[in-house]
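Let's take a walk through a protein fold, one piece at a time. Keep the picture open beside you as you read.

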Amino acid sequence: MRQKNKPITIDGIDKKILRKLMADARTPILEIGRHVGISGAAIHQRLKKLEKSGLISASRCIINPRILGYTTLAFVGIHLDKSMRSPEAVKLLKRIPEIIECHYTTGNFSIFTKVLCKNNEHLMHLLNDSILSISGVTSTETFISLDQQIDRQIKI
């Protein structure tokens, strides 16, 4: 098995396959084969190779959180009293379902998270009752997203 995150080289056919799947991951293999000009079996083999390399990690169904009533997207920078508390803090942050991303960062924050809440009041309760109650969290800084302007993957 390949080393995690080790760069690989992909050819033009792989790029065409990836672009088609990035546009719509539900595109049938035979349709991709017709688009690229090779058989469905060859597409399947290439996809297996790309999955094994770690370049393709998953196919996902993207849920629109607004339809479920989650209208507040925020980024929360978390300050810890000691950096050695980071693994324990992350373990507890994983239990909070509104946290959809969590990153160790350089700069002002020990941890930076992305959270989805139903509204600003929900966010306030999340901050006060969940995040700030974690041992070692000294403070947070919150940035509410007003509107997302770019949502894309790396260009292939």
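## Helices across the sheet

Start with helix 4, which lies across strand 1, strand 2 and strand 3. Helix 4 runs at about 170 degrees to strand 2. Bear in mind that this is a predicted model.

Helix 5 lies across strand 1, strand 2, strand 3 and strand 4, and runs at about 165 degrees to strand 4.

## The sheet itself

So what are these helices lying across? There are 4 strands here, and they make an open sheet in the order 2-3-1-4, with antiparallel pairing. Strand 2 and strand 4 stand at the edges with a single partner strand each, so one side of each has no neighbour in the sheet. From one strand to the next, the twist averages 20 degrees.

As a bit of background, strands of a sheet pair through backbone hydrogen bonds, either parallel or antiparallel. Here, strand 2 and strand 3 run antiparallel and are joined by 5 bridges.

## Zooming in on Thr113

Look at the spot where Cys102 stands opposite Thr113. Thr113 sits in strand 3. Is Thr113 buried or exposed? Its relative accessible area is 1%, and buried means under 20%, so Thr113 counts as buried.

Which residues does Thr113 touch? Leaving out residues up to four places away in sequence, Thr113 touches Ala74, Phe75, Val76, Ile78, Leu93, Ile99, Glu101 and Cys102.

## Two faces of helix 5

Back to helix 5, which covers residues 120-131. Its buried residues are His122, Leu123, Leu126, Leu127 and Ile131. They span an arc of only 140 degrees around the axis, which puts them on the same side of helix 5. Over on the other side of helix 5, Glu121 and Asp129 are exposed.

What do the buried residues of helix 5 pack against? Their partners are strand 1 (72-80), helix 4 (86-93), strand 2 (99-104), strand 3 (111-117) and strand 4 (137-144). There's also a cap at the N-terminal end of helix 5, and Asn119 provides it: a side-chain oxygen lies 3.1 Å from the backbone nitrogen of Glu121.

## A crossing pair

Now jump to helix 2 (residues 29-36) and helix 3 (residues 40-53). They pack at an angle of about 100 degrees, with their axes 8 Å apart. Helix 2 and helix 3 are therefore roughly perpendicular to each other. Helix 2 brings Ile29, Leu30, Ile32, Gly33 and Val36 to the contact, while helix 3 brings Gly40, Ile43, His44 and Leu47.

Note on methods: Residues are numbered from 1 along each chain as its sequence is written. This is a predicted model: local features need pLDDT of at least 70, side-chain atom pairs count only at pLDDT 80 or more; totals for chains, interfaces and linings use all residues. Side-chain values use heavy atoms; hydrogens and water are left out. Buried means under 20% relative accessible area, exposed over 50%, partly exposed in between (1.4 Å probe, protein chains only). Helices (H or I, at least four residues) and strands (E, at least two) are DSSP runs, numbered from the N terminus. The arc is that of the directions from the helix axis to the C-beta atoms. Contact means heavy atoms within 4.5 Å. A polar contact is a pair of N or O atoms within 3.5 Å; within protein, one must be able to donate a hydrogen and the other to accept it, and residues adjacent in sequence count only if both atoms are side-chain atoms. Two strands pair if DSSP finds at least two bridges between them. Axes are lines fitted to C-alpha atoms, for helices over the stretch in contact, and angles run from 0 to 180 degrees between N-to-C directions. Angles under 35 degrees count as roughly parallel, over 145 as roughly antiparallel, 65 to 115 as roughly perpendicular and the rest as oblique.
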